Amino acid sequence: MSLIKEKFNQISPSEFFYSNRDLAGFSNPTRSLYTAVREFVENALDACDQKGILPDVHLIIKSVDPEKSDPKPYILTVKDNGPGIDPEHIPLAFGTVLYGSKFGLKQARGMFGLGATMAILYGQITTNKPVTVKSSVDGQTQDEFELLLDIQKNKPIIVKHNTKEVSKKGLSVSICLEGDYSKAGNKIRDYVYETSLITPYASITFDDPKGEKFSHPRFVKDIPPPPTIIRPHPHGIDVERIRRMIVESQFEIPNIDDAMIEKVRKDLGLSVKNLSFTVIMEKAKKKWKTLSRQVRVVIALMSFLKMDFEKLNKIKIEEIDMPNKKLFYWDFGDSQSKSIDMDPESPYFKQLTNTVQGEHMTTFLTKRFQRIGPTTALKFAEFAGFKPEKRMGTMTNQELVNLSDSLQKFEDFLAPDPSCLAPLGEEPLEKGIKKFFNPDFAAVVQRPASAYSGFPFIVEMGIAYGGDIKTGGPHVYRYANRIPLLYDEGSDVVLKVVNDTDWGRYKIKGEPPFIIVSHICSTRIPYKTAGKENVADRPEIERELRLGLQYLSRKLASYMSKRGQADMAKKRANLYAKYIPLIATFATELAGKKKEPNYKKILEIENVDESQKIVEEKNEVENK
Amino acid sequence: MKLKTNKEKSKIKERSKKADEKQRNILEMLQSHGAKIYDDLENGQFPKFSIPSRSVSNIVYDKKLRQYILGSNSAVRSSRNSSQLRSFTQLMWLAFFANRLTQEKKSSTLRDVYYSSQAFAIEFEDQSESDNIIVDLEAVTSKPREDFHIFPEERSSIFGDLNIEYTIPGYEGKTMNLSNHPDGYSIGPSLTTAELVDTSAEIVIAIEKGGLFTRFVEEQVDKNFKSIIINTGGQAPRSTRTLLKRLHDEMKLPVIVLTDGDVYGEHIAMVIKSGSANAAHLRELTVPDAKWVGVWATDIEKYKLPTIQMTESDIKRCYDLQKDPRYEDGIWKKELDVFLRLKRKAELEAFSKYGLTNITEKYLPQKLELAKSL
């Protein structure tokens, strides 16, 4: 007998993240301060976006003891003018890990609202101070909570709760955490700066611990249309996902009890007494279109059983065997199992089939996926080798695998519906680039929506040259779902695409002053790590980035060649300005004149006829 | 001091008139070029001028003139063409500079020109660039640079009974007899521009080497053969060729050339006679009647001279010259063929084998006699 007792502990999500906090970007005081800022600012922007509110976000970082040296405790506060959170949800939302509202299929900055709780958790671990949440949903009353997390139980502990009157809606979250602003300061300022470029409709202010104020007022008045939640795209759906969808699509045979019978009677609009089977069936035929699915199933069963409500009350449906057209039921009166044959010609037979075996494949496809109409569904069924009327409930495992494979391979599906995405748009992006860099040249492009593994995405890119831009480019500004990505750029797909480009081909040489902005929008960004700083190189995304960059590079090249021509013309003009006066001086003395000739007219002629120049050059070659 | 006769006085007058006229011609030509450029500028046009092409394809041998000349191809150099603007300006400056030199009767070396440019914010990469522009000016004006008072470094000299009269500032009217100093007189700007007054000599002997020149003076070749001796110092410089031409044309003296017995010596004589391809744009540098009297290839055998093996480049040079139309016939072709057959060469000093004075006492008289029949 073994003397060793193995002990299995189920750990709470809070505990899990506590011991694995570096996964979420809380590895050290520098990185943690930066990540906490990101999580709260992004939550604030997301909340405003969802309600179509032009965001005003105020970020404040204060050191608890300014005399102390880093790393040390800081108070981080983020205020917004968003919709706020209902007071009853606040303790759970801020005091539980994995509680959130961001689980649907649409684009948002954060996923699952995980990061904010992690920041709170990190603050609590390092300073043992509660989080303060102030929220007003109506612009009149504000609820203020002080919360601690019970890490073992993954439950909030309310330290304090009070209310007071206010005049503004919005949410304010304040935590105390160990951080290192002297090291994280640069990144945080960059983050705020770059965020305001990709969120031109937001006003963001930042009060830093040294008393400096960074203000980025909004310069675009229109908020981009908010994304909607949508059905999945057939490309890249997996077997497990299909299985779950089929389960969702099937209806169970309702439990026929008194309440159910009462409901059917009421829905048919019948009185309590003298209800013959015939009367019930006739009434059902008339009202069929208005009936609910449950009621229809009950009626169908009654039609085969040929029973009224009274008799129905005394049996229990055991099994419906559609392939053998048999209906098994338990008779309480006789205390035995009975069966009847069902007439497949009856219209009610089809109703039961639907319920038991699930929808036809074509119905399933058109109803549960985006971008599939009846025609496409038929085409697909043929492609995949299924009958269009194949019942989804009768799929074997192998058939499910085949279906999943075929969904990937079928090429006639339209591209995913990008309505769940919220790209910034070409105009605001260009406006932002021009405002931030004051460039000599700027161009932007929004690629058409595409998909990787069934997740739609859109790539937006911008390029700018000259003006206030520092030399040593390209400087790359990476964004994903309107979040600037500042760390780990070495392994990022955007950097890969930029570095693969031979800029010499686009007439860009030396240490050019130019920037590239890339924005990837997707319902799910394929980050390489939970720290959300670098995007993995999915071939579909890489391709879109490449095409976008090529388009912009060509535009830049044509600008560069025009600029080159202008530079040449300027150079030539300088040459004329240098030499023509000398020629004039020498000619004056040679010719024995007193006054110099009026050569100004020549210098004004800037555009020397190119064709003439070529002819003259030819002569010169001959001369040599 | 002996009083000059009236005849002499009028001669002097005539000579100075001639010199003035030449200077005036140069200045007028420069002025007319300058005026054209000036007018273009005044009229709002980019000034330009045409310049004879000096590319190889445009250098042709003129049998009538018996020298290389430039063909009819020419290129336009325009100040409108930004890639020509710099050289255009350089050339304008040079014309301007030459104009000042001519007016002030000052002379300048090629190197002086290179440095002088810097005072006028005209840059030349190096002297070869400025030398090139000087050749451009020669080509445009068809005048040698000496006419613009621009001279190369001196290395050749002259000795003999020749009276000259200086024309350069500070020496105008001064005369000199060129047999007064036994080391000879270097052929520089003052001598090249001097008037040739009179001479008792009946022939000009141009000799390739300084060593032989000294020997000729020592042995009084000038007196014994009534000659003017000129040391060309290898390939004769332009100023020396100009002087040779003037001695031939103005003093009616025949010119003979004595060189080493090799292919280079033969070509030194040829350049004096009919010019070089490099100076194809100029026409007043040749003495078509000059005669090469030795050392010939046939002399090597005839006089049993000690010889040196020809190098590969010597032989290559022979083959190159065979393609030159001037070497197609006569003594030029004959001697070249013998050189190629012998593959050996002999220097002028080789005659020392038979005694130091052998060349002046034996060889020279024979050759002078022979020259009459050439």
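Leaving aside neighbours within four places in sequence, which residues is M307(A) in contact with? Select M307(A) in this predicted model. Its contacts beyond that window are F277(A), M302(A) and L312(A).

**Stop 1: around M307(A)**

Stay on M307(A). The residue sits in the loop between α9 (293–305) and α10 (309–312) of chain A. Is M307(A) buried, exposed or partly exposed? Count the C-beta neighbours inside 10 Å: there are 17, so M307(A) counts as partly exposed. Now add T278(A). T278(A) and M307(A) are 29 residues apart along the chain, and 9.4 Å separates their C-alpha atoms.

**Stop 2: strand β14 of chain A**

Select residues 455–465 of chain A, which make up strand β14. How many of the 11 residues of this strand are buried? The count is 11 of 11, so β14(A) is largely enclosed by the rest of the structure.

Colour the two faces separately. On one side are F455(A), F457(A), V459(A), M461(A), I463(A) and Y465(A). On the other side are P456(A), I458(A), E460(A), G462(A) and A464(A). Both faces are covered.

Next, bring in the partners of β14(A).

- Select β12 (residues 441–446) of chain A. β12(A) pairs with β14(A) in the antiparallel sense, over 6 bridges. Pick A443(A): its bridge partner in β14(A) is I463(A).
- Select β13 (residues 450–452) of chain A. β13(A) runs antiparallel to β14(A), and 3 bridges join them. Pick S450(A) and look across to its bridge partner, F457(A).
- Select β17 (514–522) of chain A. β17(A) and β14(A) run antiparallel and are joined by 9 bridges. V459(A) stands opposite I520(A) in this pair.

Zoom in on the link between β13(A) and β14(A). The two strands form a hairpin, with 2 residues between them. In the turn, S453(A) has a positive phi of about 45°.

**Stop 3: helix α16 of chain A**

Select residues 493–500 of chain A, helix α16. Which of its residues are buried? They are V493(A), V494(A), L495(A), V497(A) and V498(A). Show what surrounds them. These buried residues pack against β15 (475–480), β17 (514–522) and α17 of chain A. You met β17(A) at the previous stop, as a partner of β14(A).

**Stop 4: two helices in chain A**

Select α2 (residues 29–51) and α5 (residues 181–198) of chain A. Their axes are 8 Å apart and the packing angle is about 25°. α2(A) and α5(A) are therefore roughly parallel. The crossing is right-handed.

Show side chains at the contact. From α2(A), display T30(A), L33(A), Y34(A), V37(A), R38(A) and V41(A). They meet Y181(A), K183(A), A184(A), K187(A), I188(A), Y191(A) and T195(A) of α5(A). By class, this contact has 8 nonpolar, 2 polar and 3 charged residues.

**Stop 5: where chain A touches chain B**

Show both chains. How many residues of each chain are in contact with the other? There are 29 in chain A and 34 in chain B. On the chain A side, the elements giving two or more residues are α17 (539–590), α18 (600–604) and α19 (610–623). α17(A) contributes the largest share, 12 residues. Colour that side by class: 14 residues are nonpolar, 5 polar and 10 charged.

**Stop 6: chain B**

Hide chain A. Chain B holds 13 helices and 17 strands. Of its 374 residues, 43% count as buried. Take the contacts in chain B between residues at least 6 apart in sequence: 72% of them join residues at least 24 apart.

Select α9 (residues 263–274) and α12 (residues 330–342) of chain B. The axes are 10 Å apart, at an angle of about 165°. That is why α9(B) counts as roughly antiparallel to α12(B). The crossing is left-handed. V263(B), E266(B) and M270(B) of α9(B) meet W332(B), E335(B), L336(B) and F339(B) of α12(B). This contact has 5 nonpolar, no polar and 2 charged residues.

Finish on a sheet. Three strands of chain B form an open, antiparallel sheet in the order β9-β8-β11. The edges are β9 (175–177) and β11 (195–199). On average, neighbouring strands are turned by 25° against each other, direction ignored. β8 (residues 162–165) pairs with β11(B) over 4 bridges. Last pick: E165(B), whose bridge partner in β11(B) is E195(B).

Methods
Residues numbered from 1 in each chain as written. Chains lettered and ligands numbered in written order. Predicted model: local features only at pLDDT ≥ 70, side-chain atom pairs only at ≥ 80, totals over all residues. Contact = placed C-beta atoms within 7 Å. Nonpolar A, V, L, I, M, F, W, Y, C, P; charged D, E, K, R; others polar. Axes fitted to C-alpha atoms, helices over the stretch in contact; angles between N-to-C directions. Parallel < 35°, antiparallel > 145°, perpendicular 65-115°, else oblique. Left-handed = near helix turned anticlockwise from the far one by under 90°. Buried ≥ 20, exposed ≤ 12 C-beta atoms within 10 Å, placed from the backbone. Pairing = 2+ DSSP bridges.
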